[in-house]
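Colleague: I have a model open and would like to learn how to read its features one by one. Could you take me through it?

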Amino acid sequence: MKIGIIGAGNIGGNLTRRLTALGHEVSVANSRGPQTLTALAEETGAKPVTASEAAQGAQVVVVTVPLKAVPDLPTGFLDGAAEGVAVIDTGNYYPQRDGRIAAIEDGLPESRWTEQQIGHPVIKAFNGTYAQDILDRARPQGTPDRQALPVAGDDPAAKQAVRGLIDELGFDTVDGGGLDDSWRQQPGTPVYGNRGDADAIVKALAEASPERTAEFRA
């Protein structure tokens, strides 16, 4: 599968490592330019590109940049993606880093805000996952207590593609509902950072409160 990753931080870098190891064709971009991704490219075989090029022909695009950087993504960066491309949003709103985003403070789910900024539906996944776990906690399908990740989004086909990719990476998934339900996996909720199995993740999603905790408010 052809996959574009925009953002080469902890999550983006480790997804690049795992997905290339699984045989996927990965293009990776960051804000500083492809010349700064030489080491990651040599390590993984991924192709370093600009953010404008990362989605070219891609069936899956991972947007894993700080929320404050989302509006600065190149206009039309998804225009050359494959038809039906699944766009994964891994982002979280951290006001101490991102500044105050009024719509999110007023209750708009973070990923709905991201979707509005980029003009394309997104699937929320990996936002509450520890980056190192992507490397260390993968397990074969059917393993007892296999870690599960919540996945939220409105497009059933895109959501299924993302869930299949996560299963290939070595994790179970739990359907987190539509994107308007994705507040259940935002920072400060019971599922955020939760390493539980599918049953634990279902329970954590059900226990979430729509009120943002003080730690994650501006």
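Modeller: Gladly. Let us start with strand β7, where A148 and P150 point one way while L149 and V151 point the other way, and all are buried. Keep in mind that this is a predicted model.

Colleague: How should I read that alternation?

Modeller: In a regular strand, side chains alternate between the two faces of the sheet. In β7, A148 and P150 take one direction and L149 and V151 the other.

Colleague: Which strand does β7 (residues 148–151) pair with, and in which direction, parallel or antiparallel?

Modeller: The general idea comes first: strands of a sheet pair through backbone hydrogen bonds, and the pairing is either parallel or antiparallel. Here β7 is joined to β8 by 4 bridges, and the two strands run parallel. Looking across, you find T173 of β8 opposite L149, and D175 of β8 opposite V151.

Colleague: What do β7, helix α7 (residues 156–169) and β8 make together?

Modeller: They make a β-α-β unit, and the unit is right-handed.

Colleague: What is the strand order in the open sheet of 6 strands?

Modeller: The order is β3-β2-β1-β4-β5-β6, with parallel pairing. β3 (47–48) and β6 (123–124) stand at the edges with a single partner strand each, so each has one side without a neighbour in the sheet. Within that order, β1 (residues 2–6) and β4 (residues 60–63) run parallel and are joined by 4 bridges. One bridge to look for is that of I3, whose partner in β4 is V60.

Colleague: Now the rings. How do I describe an aromatic pair?

Modeller: A pair of aromatic rings is described by two things, the distance of the centres and the angle of the planes. This structure holds 2 aromatic pairs. Y94 and F216 form a tilted pair, 6.1 Å centre to centre with 45° between the planes. Y94 sits in the loop between β5 (86–89) and α3 (95–98), and F216 in the segment after α8 (198–206), so this pair ties together parts that are 122 residues apart in sequence. Y94 and F216 are both buried.

Colleague: And what is the geometry of the pair formed by Y192 and F216?

Modeller: Y192 and F216 are edge-to-face, at 6.2 Å centre to centre and 70° between the planes. Because Y192 lies in the loop between β8 (172–175) and α8, and F216 in the segment after α8, the pair ties together parts 24 residues apart in sequence. Y94, Y192 and F216 form one aromatic cluster.

Colleague: Is Y192 buried, exposed or partly exposed, and why?

Modeller: Y192 counts as partly exposed because its relative accessibility is 27%, and the buried range ends at 20%. F216, with a relative accessible area of 8%, is buried.

Colleague: How do I look for empty space inside the model?

Modeller: Rolling a probe the size of a water molecule over the atoms shows where empty space is left. A search of the whole structure finds 1 cavity of 30 Å³ or more. The largest cavity holds about 80 Å³ of space. Among the residues lining this cavity are F126, A148, L149, P150 and Y192, so you meet several names from earlier again. By class, the cavity lining has 6 nonpolar residues, 5 polar and no charged ones.

Colleague: What about the largest pocket, and how many residues line it?

Modeller: The largest pocket has about 560 Å³ of space. Its lining counts 29 residues, and I6, G7, T64, V65 and P66 lie nearest its centre. Helix α1 (residues 10–21) gives the most to this lining, with 3 residues. The pocket lining divides into 14 nonpolar, 12 polar and 3 charged residues.

Colleague: Back to F126. What is its phi, and where is it found?

Modeller: Phi of F126 is near 70°, a positive value in a residue other than glycine. F126 is found in the loop between β6 and α6 (131–136), and it is buried, at a relative accessible area of 5%. D145 also has a positive phi, near 60°. D145 is found in the loop between α6 and β7, and at 62% relative accessibility it counts as exposed.

Notes
Residues numbered from 1 in each chain as written. Heavy atoms only, no water. 1 Å grid on protein atoms, 1.4 Å probe; cavity = no way out; pocket = protein on both sides within 12 Å on 5 of 7 lines; lining within 4 Å. Points joined across faces, edges and corners; volume = space filled by probe spheres on them. Nonpolar A, V, L, I, M, F, W, Y, C, P; charged D, E, K, R; others polar. Phe/Tyr/Trp six-rings, centres within 6.5 Å; stacked < 30°, edge-to-face > 60°. Buried < 20%, exposed > 50% of the residue type's maximum accessible area, 1.4 Å probe, protein only. Pairing = 2+ DSSP bridges. Right-handed = clockwise from strand over helix to strand, strands pointing away.
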